[in-house]
Structure formats: structure tokens, C-alpha cells
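Student: Before I look at the ligand and its surroundings, please explain how each term is decided.
Tutor: Here is the structure.

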Amino acid sequence: MGVYTERILPHLMDRAMRDKELDPIRARVAANLTGEVLEIGFGSGLNTALYPATVSRVLAVEPALLSRRLADRRATAQTAEGERRSRIPVEYIGLDGQRLPLPEASVDQVLSTWTLCSIPDVARALSEIRRVLRPGGSLHFAEHGLSPDPKVARWQTRLTPIQRRVAGGCRLNLPIADLITASGLQLTGLTNFYLHASKTAGYIYEGAATRAAP
Ligand SMILES: C[S@@+](CC[C@H](N)C(=O)[O-])C[C@H]1O[C@@H](n2cnc3c(N)ncnc32)[C@H](O)[C@@H]1O
């Protein structure tokens, strides 16, 4: 990892991901979380203030050490402001969503917001998510991905090589719903829409998918 990835990108990501347009989406996706939650691509901790009190513990996976430091600072600031939710314990358990150091069927729910696009082998990460979810548990997600509009999709494919270079491997054209379904998780809710800010980077897949009970 170079200087850009280690020292600059986490700050750029933190700023981009603080976009106010994302706040209500984050709030909806986090609203029904309960129990022990695994958050993939924890980033700078922008979801922490949104975990409901029904969450007992958050297990965080995040490769960027600077993002983890930014998240720690945010948690400290929230504690200083007396925010009750920041007291939900967060434990870093790993660096890579493709290899989760957790036993099978060990977490109640998984949260992923704008992360799947950056994971090189996303099918493997989703299969790991399915493995660690307890039967009946669910993945809650808000991701950007492939637009059904062929004109937008063509631009997404054209721009993906440069996006990968400047945005930590992010691909604009992943068929998120198909990938989730292919992992064996069952979609229980899905809403698609464009962000106002951008069509190419802003076709959103928001929803939940469950690991079926045997
Ligand atoms: C666009 S940021 C989103 C951060 C955060 N989820 C949010 O909503 O603000 C993508 C995140 O995915 C993380 N990431 C990249 N590769 C990853 C991997 N293999 N496993 C887990 N997270 C990864 C990045 O470090 C970054 O924090």
C-alpha cells in the first residue's frame, strides 16, 4: 500500500462518505439491527451513532488503519457529547471481508454500507458473510452498483478503471442484487434509486438479505 492509499485516501473517503444525502439511507439500513452485529468495511465509523440500542456489540472489519483512527476519534467525540449510542462496544476483529476470523453461524446480523464495491473478491466476501450469519440472521446493506439503464451502465463500465485507481479499488458496475442472491442469501427487501449527486456512482441498492433457517 502506498502513501496515497494509506494516508490520503482514508481522509478523502471520510469526507465523501459524510455526504448528507447518505445520512437517511444509513439511518434506514441501521434501524432494525439487533444483537451482535458484524460491520464489514467499518471505515471511519460513520454508522456508529446510528446503531439502535438493540445492538449489543459491533464486530468491525476494516483494512485501513487510518480510517480506524478516524473512527476512534469520532467515537471519543461522541462520548464527550454524551451520545448514548457511542457506548455500544466496537471490537476490531479483522482486516478483510474476504476472510472473516469468526466461526460459522456466530453473528446475528451484518451491516455493509458502500463497501462491497471495494472488496476484490466480492463473491467470496458474501459467502463469508453467509457463513458467519446465524440461520435467520440477515445482511443489511446500502451499496452502489450497476444501473439498469444501459446508457448509465456503459459509463459505469468506462469509468470503473479510473475509479478503481483513485477510490481504493471501487467498481461502479457491480450487479449487487445478483451477487447477493448468488451467495445463497435470500433478498427480503430491496429498493433501488439514484442519488441526486451522481448517476454513475449513485445507483443505490438498499435492502436486506437473510440466511435461511435450515
Ligand atoms: C467507500 S468506503 C465506506 C466506508 C463505510 N462503510 C461507510 O459507509 O462510510 C469503503 C470501505 O471498504 C473498506 N474495504 C476495502 N477493502 C476491504 C476488504 N477487503 N474488506 C473489508 N473492507 C474493505 C475500505 O477500507 C473502506 O473503509
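Tutor: A residue is near a molecule if one of its heavy atoms lies within 4 Å of it. This is a predicted model, in which local features need pLDDT of at least 70 and side-chain atom pairs count only at pLDDT 80 or more, while totals for chains, interfaces and linings use all residues. Residues are numbered from 1 along each chain as its sequence is written, and side-chain values use heavy atoms, with hydrogens and water left out.

Student: Which residues surrounding the ligand are the closest?
Tutor: Arg26, Gly41, Glu62, Gly97 and Thr113 are the closest of the 16 residues around the ligand.

Student: What makes the pair between Thr113 and the ligand a polar contact?
Tutor: A polar contact is a pair of N or O atoms within 3.5 Å. A polar side-chain atom of Thr113 lies 2.6 Å from an oxygen atom of the ligand, so the pair meets that limit. For Asp96, a polar side-chain atom is 2.9 Å from a ligand nitrogen atom. Gly97 uses a backbone N or O atom, 2.8 Å from a nitrogen atom of the ligand.

Student: How much of the ligand does the protein bury?
Tutor: The protein buries 90% of the 600 Å² that the ligand exposes when taken alone, with areas from the Shrake-Rupley method and a 1.4 Å probe.

Student: What classes make up the shell around the ligand?
Tutor: The shell has 7 nonpolar, 6 polar and 3 charged residues. Asp, Glu, Lys and Arg count as charged, Ala, Val, Leu, Ile, Met, Phe, Trp, Tyr, Cys and Pro as nonpolar, and the others, Gly among them, as polar.

Key: A polar contact is a pair of N or O atoms within 3.5 Å; within protein, one must be able to donate a hydrogen and the other to accept it, and residues adjacent in sequence count only if both atoms are side-chain atoms.
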